[in-house]
Amino acid sequence: MRFISTRGGMAPAGFTDVLLSGLAPDGGLAVPESIPPVSRAQLEQWRSMTYSELAAEVIGLYATDIPAEDLSALTAAAYGPEHFPDPVVPVHRLDEVAGGLELVGLSEGPTMAFKDLAMQFLGQAIPYVLNRNGQVLNILGATSGDTGSAAEHAFRGQKGVAVFMLSPQGRMSDVQRAQMYSLDEPNIHNIAVDGVFDDCQNLVKALNNDASFKATHAIGAVNSINIGRIAAQIVYYVWAWLRSTDALEEELRSDYEVDVAVPSGNFGNIYAGHLARSMGVPIRRLILATNENNVLEEFFSTGVYRPRGRAETLATSSPSMDISKASNLERFIWQLLGPEEFTQRWPELEAEGALDLADHLDRLNTEFGFVSGSSSHADRLAAIGRVHSAADRLIDPHTADGVTVALRFMEPDFPTLVMETAKAAKFGETVTEALGRAQPDPPEITKLLALPQHVDTIANDEAPLRALIEANALHA
Ligand SMILES: *Cc1c(COP(=O)(O)O)cnc(C)c1O
């Protein structure tokens, strides 16, 4: 399998080449040259596998430049008992809420959000590739919560990688802060910036624009456009279909389609679902859910993609979906238009601030199965309340956006899977508001909050950040 750039300016490269490289040299995103088909017979052969075995098979269709036995060792380490319970991804029926509704538990990992599933794979695959190439990597990132902590937990103690993670001082939840700052590994550097999240991002950008600093200190990123994260996310769509059909008689299975609802922000999670569907996993519709920041809902219902400025981005109670520009959407639009039309039309986005693809609107639904909806704070609270009273289960505000939009589109008794993107305990404040009373913290949260915390606090200024990196970066 080879990867090319959406913008057409990169020689075809292997998985391990694009794994470390963020944006392609031409500013585009790496996409697979073709989509590997998976037959129903193949799906049946995968049915009895453990999650890590399945991950090696599915990721292996893309990572053809990693020998199969090495890949199996990487996924066994990523999804082993040190990081995940068994099963790694539990699937629960929620028929009490609505007949056919199911919840796919993607948040069982160390930071209680679905980002662990992809990041734990990178935490094994990146050190493996670095070691093979005799390289090191200093990951520099900014986080408002979920991504940074998933990255730190994935790379803690790993050889050849250090993490420098900027976070806005005093602006994360207690749980998010404790998940990050309680880590005490020498290769993990928590840096609290006296500023807001945008200040953190601007500092990261400033250092990335200094090409010589970047090269000298082998600075890189593991953001949501990373192809390894996308490949690892395809696995749970396959897994969820297999588990949803486990109870069926064999002859009923192969025609059994499901709808999947995905709480979305950067279009990373659902893009993996789209690849799974394109590969042949029997997914009928992909139900895209946004919160009040509905850039994606707008695109899939009008055909117009109009990224927004910071001033237009709202701070909501499902904060990990507060995005104004969906960084992975370029990959989908490339496939929608094909390389030639993409090259002609993509520049409209830069020139006019919006890309009008209304002439392809029908295909979004008929060919690609997308429907979309957005959810409000009140919807979120209602969904948390409904699932709790009907099924005695707590869901987090992001998952509640997924449930809200799923219920809006759901056909009675049609199997409809909602991706659970975080645990309720991580966003206790909104859950408390929804239920009218505080839930007791689970014991692992109480323990986490009591641990000593490790963080360097700096002014909102490049100089102290450069000094910290110069003093602590790894060198080959
Ligand atoms: C990151 C995140 C999302 C959005 O996922 P995308 O891949 O950016 O679309 C949704 N929910 C939670 C809890 C997240 O952390």
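The legends below describe close-up views of a predicted model.

**View 1. Two domains, each built from two sequence segments.** The domain assignment gives domain 1 as residues 86–110 together with 226–432. Domain 2 consists of 136–217 together with 447–471 in that assignment. Taken over C-alpha atoms, the centres of domain 1 and domain 2 lie 29 Å apart. In the contact, domain 1 takes part with 7 residues and domain 2 with 12 residues.

**View 2. The area buried between domain 1 and domain 2.** Interface size is often expressed as the accessible area lost when the parts come together. Here domain 1 and domain 2 bury about 720 Å² between them, and carbon and sulfur atoms account for 39% of this area. On the side of domain 1, Pro110, Arg310 and Lys426 supply 73% of the area buried against domain 2; no other three residues supply more.

**View 3. Polar and charged features of the interface.** The interface of domain 1 and domain 2 holds 1 salt bridge. Aspartate 146 and lysine 426 form a salt bridge in which the closest N and O atoms are 2.8 Å apart. Between the two domains, 3 residue pairs are in polar contact, counting pairs with both residues at pLDDT 80 or more. The side of domain 1 that touches domain 2 has 3 nonpolar, 1 polar and 3 charged residues.

**View 4. The largest cavity and its lining.** The whole structure contains 2 cavities of 30 Å³ or more. The largest cavity encloses about 50 Å³ of space. Its lining is formed by Phe3, Phe15, Pro32, Tyr62, Ile227, Ile230, Ala231, Ile234 and Leu275.

Technical notes
Residues numbered from 1 in each chain as written. Predicted model: local features only at pLDDT ≥ 70, side-chain atom pairs only at ≥ 80, totals over all residues. Heavy atoms only, no water. Domains from an automatic or database assignment. Contact = heavy atoms within 4.5 Å. Buried area = accessible area lost by both parts, 1.4 Å probe. Salt bridge = Lys/Arg side-chain N within 4 Å of Asp/Glu carboxyl O. Polar contact = N/O pair within 3.5 Å; in protein donor to acceptor, adjacent residues only side chain to side chain. Nonpolar A, V, L, I, M, F, W, Y, C, P; charged D, E, K, R; others polar. 1 Å grid on protein atoms, 1.4 Å probe; cavity = no way out; pocket = protein on both sides within 12 Å on 5 of 7 lines; lining within 4 Å. Points joined across faces, edges and corners; volume = space filled by probe spheres on them.
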